[in-house]
Amino acid sequence: MAKIKVSNTIRKCRFEADEMTQKALAEHVGVTRQTIIAIEGAKYSPTLELAFQIAAVFDKPLGDVFTYDP
């Protein structure tokens with residue numbers, strides 16, 4: 001299986017957002033907490049739409065939350 005090359009700063013962003021929980025973030029973007037756990041742990045790459053939604057929750061540009069390493 002190919003290694004996922006998308007990294008993220010979601011945990012840091014959650015901490016900076018008054019220590020938002022994974023559950024709260026999941027509710028904001030309409031996914032399960034397990035999905036946020038998988039994305040945060042770089043075990044799953046979100047869809048482009050979900051990535052933009054997550055960045056919007058933190059009021060940050062997509063590139064500040066997600067990084068692609070080719």
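**Helix faces and a shared core**

Let me start with helix α2, whose buried residues are Gln22, Leu25, Ala26 and Val29. Seen down the axis of α2, these buried residues fall within an arc of 100°, so they line one face of the helix. I should say at once that what we are looking at is a predicted model, and that everything I describe has been computed from it.

What, then, sits on the other side of α2? There we find Glu27 and His28, both of which are exposed. The buried residues of α2 are covered by parts of the protein that include α1, α3 and α4. Just after the helix comes glycine 30, which takes a positive phi of about 75°.

If the one-sided pattern seems surprising, it helps to recall that an α-helix has 3.6 residues a turn, so residues three or four places apart point the same way.

Let me now step back to the whole chain. The protein has five helices and two strands, and from the N terminus on its elements run β-α-α-α-α-α-β. The radius of gyration is 11 Å, close to the 11 Å that the globule rule gives for 70 residues, so the protein is as compact as a globular protein of that length. The C-alpha trace spans about 35 × 25 × 20 Å along its principal axes. Of the 70 residues, 29% are buried, and the accessible surface comes to about 4,900 Å², with 54% of it belonging to carbon and sulfur atoms. Among contacts with a separation of 6 or more, residues 24 or more positions apart account for 56%.

Next, the interior. In soluble globular proteins, nonpolar side chains tend to be buried together. Here the largest nonpolar core has 15 residues, and the members that touch the most other members are Ile10, Leu25, Ile54, Val65 and Phe66. The elements that each give two or more residues to this core are α1 (10-16), α2 (22-29), α3 (33-40) and α4 (48-57). Which of the elements gives the largest share of this core? That is α4, with four residues.

So let us look at α4 in its own right, where the buried residues are Leu50, Ala51, Ile54 and Ala55. These four cover an arc of only 140° around the axis, which puts them on the same side of α4. The face turned away from that buried side carries the exposed residues Leu48, Glu49 and Ala56, and I would ask you to notice that a leucine and an alanine are among these exposed residues. The cover over the buried residues of α4 includes α1, α2, α3, α5 (62-65) and β2 (66-68). Within α4, isoleucine 54 is a good residue to follow by eye: leaving aside residues up to four places away in sequence, it touches Ile10, Val29, Ile36, Ile39, Val65 and Phe66. Just after this helix, aspartate 59 takes a positive phi of about 55°.

Helix α3 can be read in a similar manner. Its buried residues are Ile36, Ile39 and Glu40, and they cover an arc of only 95° around the axis, which puts them on the same side of α3. What covers them includes β1, α1, α2, α4 and β2. Isoleucine 37, also in helix α3, is partly exposed, with a relative accessible area of 36%. After α3 comes alanine 42, whose phi is positive, near 60°.

My last stop is asparagine 8, which lies in strand β1 (residues 6-8). What does the side chain of asparagine 8 reach at 3.1 Å? It reaches the backbone nitrogen of isoleucine 10. A polar atom of the side chain of asparagine 8 also lies 2.7 Å from the backbone oxygen of isoleucine 39. Not counting residues up to four places away in sequence, asparagine 8 touches Ile39, Glu40, Val65 and Phe66.

To gather this up, the buried residues line one face of α2, lie on the same side of α4, and lie on the same side of α3 as well. These helices are also among the elements that give two or more residues to the largest nonpolar core.

Key
Residues are numbered from 1 along each chain as its sequence is written. This is a predicted model: local features need pLDDT of at least 70, side-chain atom pairs count only at pLDDT 80 or more; totals for chains, interfaces and linings use all residues. Side-chain values use heavy atoms; hydrogens and water are left out. A nonpolar core is a set of buried Ala, Val, Leu, Ile, Met, Phe, Trp, Tyr and Cys residues joined through side-chain atoms within 4.5 Å. Buried means under 20% relative accessible area, exposed over 50%, partly exposed in between (1.4 Å probe, protein chains only). Contact means heavy atoms within 4.5 Å. The arc is that of the directions from the helix axis to the C-beta atoms. A polar contact is a pair of N or O atoms within 3.5 Å; within protein, one must be able to donate a hydrogen and the other to accept it, and residues adjacent in sequence count only if both atoms are side-chain atoms. The radius of gyration is taken over C-alpha atoms; the globule rule is 2.2 Å times the number of residues to the power 0.38. Accessible areas come from the Shrake-Rupley method with a 1.4 Å probe; for residues, only the protein chains shown count as cover.
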